Protein chains: 2
Amino acid sequence: MRAKSQSHKVTKSQVTRKKVAKRKVTSQKLQGRRTGGREKRKLPQLKFDKKGLIPAVIQDYNTGEVLMVAYMNKDSLKITLKEKRTCFYSRSRKVLWRKGETSGNIQKVKSIWYDCDKDTLLIKVEQIGSACHTGNRSCFYRKI
Amino acid sequence: MRAKSQSHKVTKSQVTRKKVAKRKVTSQKLQGRRTGGREKRKLPQLKFDKKGLIPAVIQDYNTGEVLMVAYMNKDSLKITLKEKRTCFYSRSRKVLWRKGETSGNIQKVKSIWYDCDKDTLLIKVEQIGSACHTGNRSCFYRKI
């Protein structure tokens, strides 16, 4: 019984220690963003082309099927990272477009990879419905 | 026994029919190239960009792993189709390069697909050795 009552007893010094620990974690997170202390937080210096774009290969994380290739600018990549759903830049309409915003065929981001040249992305997704506007699951449905 | 001997007996009229059939197949093949009679033979009207290039996603035909993305012009695509080994156009060196010509890490082409917009290729290959110059099997070995 003594042990149980002790577990609920929080002294002033314990509160102080908890506050200090919390500050340390926050500091580490920020440092991670700035200096790469936490690999997962660090964004690589990606190479966007002259138009500010980078191609992204979209792959089904489960089956490995390549679904489509689209382009991102910095803003669409930020949105993709934040919302964990793909957002691209339309080169023809010159606007950002959240994949599936009208069709509902969204892509939930599972992981984002970049290549050795840092000029191409590979995004593994959970595809809801079809990736292609034709109704095909993948845009690559025709063979030469 | 009669049936067996008949199967080896080839009459003049049979030879003629075979020749006619052979001519028909050849004609269909050629027609296929010109008019699309055989889908596999017809080359689609691909959209090359202003620099005459089209991106090609290279995927391991066996595992589904995305190995790299490189660019092709018409000449490198023709070579790829003819030699059944990938050949790309180097945007930095501005020359054609047969993948693996120095390293030996060639990519044997299994199938070539094109997307709904006809502006991207997906090539499924048998990768000999590593695809990436860093020694990694895939160029996409780093995660954001």
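**Strand pairing and the contact between chains A and B**

Strand β1 (residues 54-60) of chain B pairs with β2(B) in the antiparallel sense, over six bridges. Within this pairing in the predicted model, B:I54 stands opposite B:M72, a residue of β2(B). Both strands belong to an open sheet of five strands with mixed pairing, whose order is β7(A)-β5(B)-β6(B)-β1(B)-β2(B). The edges of this sheet are taken by β7 of chain A and by β2 (66-72) of chain B, each of which has a single partner strand, so that one side of each is left without a neighbour in the sheet.

The sheet contains strands of both chains, and the pairing that joins them is that of β7(A) with strand β5 (residues 107-114) of chain B, which runs in the antiparallel sense over two bridges. Here A:K143 stands opposite B:W113, which lies in β5(B).

The arrangement of the two chains was examined by superposition. A turn of 180 degrees, with a shift of 0.0 Å along the axis, lays chain A on chain B with an RMSD of 0.0 Å; the two copies are thus related as by a two-fold rotation axis. The same surface serves both copies, in that 100% of the contact residues of chain A recur in chain B. Of the residues of chain A, A:G64 comes closest to the rotation axis, its C-alpha lying at 2.6 Å.

The contact takes 34 residues from chain A and 34 residues from chain B. Between them the chains bury about 3,000 Å², and 67% of this area is on carbon and sulfur atoms. On the side of chain A, the residues that lose the most area to chain B are A:F140, A:R142 and A:I144, which together account for 28% of what that side buries.

Polar interactions between chain A and chain B comprise 14 residue pairs in polar contact, and the count of salt bridges between the chains is two. In one of these salt bridges, B:R91 is joined to A:D119, with the closest N and O atoms 3.4 Å apart. Several strands of chain A contribute to the side that touches chain B, since at least two residues each are supplied by β1 (54-60), β2 (66-72), β5 (107-114), β6 (121-127) and β7 (142-143). Of these, β5(A) gives the most, with four residues. By class, the side of chain A that touches chain B has 20 nonpolar, six polar and eight charged residues.

Technical notes. Residues are numbered from 1 along each chain as its sequence is written. Chains are lettered from A and ligands numbered from 1 in the order in which they are written. This is a predicted model: local features need pLDDT of at least 70, side-chain atom pairs count only at pLDDT 80 or more; totals for chains, interfaces and linings use all residues. Side-chain values use heavy atoms; hydrogens and water are left out. Copies are superposed by least squares on the C-alpha atoms of residues with pLDDT of at least 70 in both. Contact means heavy atoms within 4.5 Å. Buried area is the accessible area (1.4 Å probe) that two parts lose on being put together, summed over both. A salt bridge is a side-chain nitrogen of Lys or Arg within 4 Å of a carboxyl oxygen of Asp or Glu. A polar contact is a pair of N or O atoms within 3.5 Å; within protein, one must be able to donate a hydrogen and the other to accept it, and residues adjacent in sequence count only if both atoms are side-chain atoms. Ala, Val, Leu, Ile, Met, Phe, Trp, Tyr, Cys and Pro count as nonpolar, Asp, Glu, Lys and Arg as charged, and the others, Gly among them, as polar. Two strands pair if DSSP finds at least two bridges between them.
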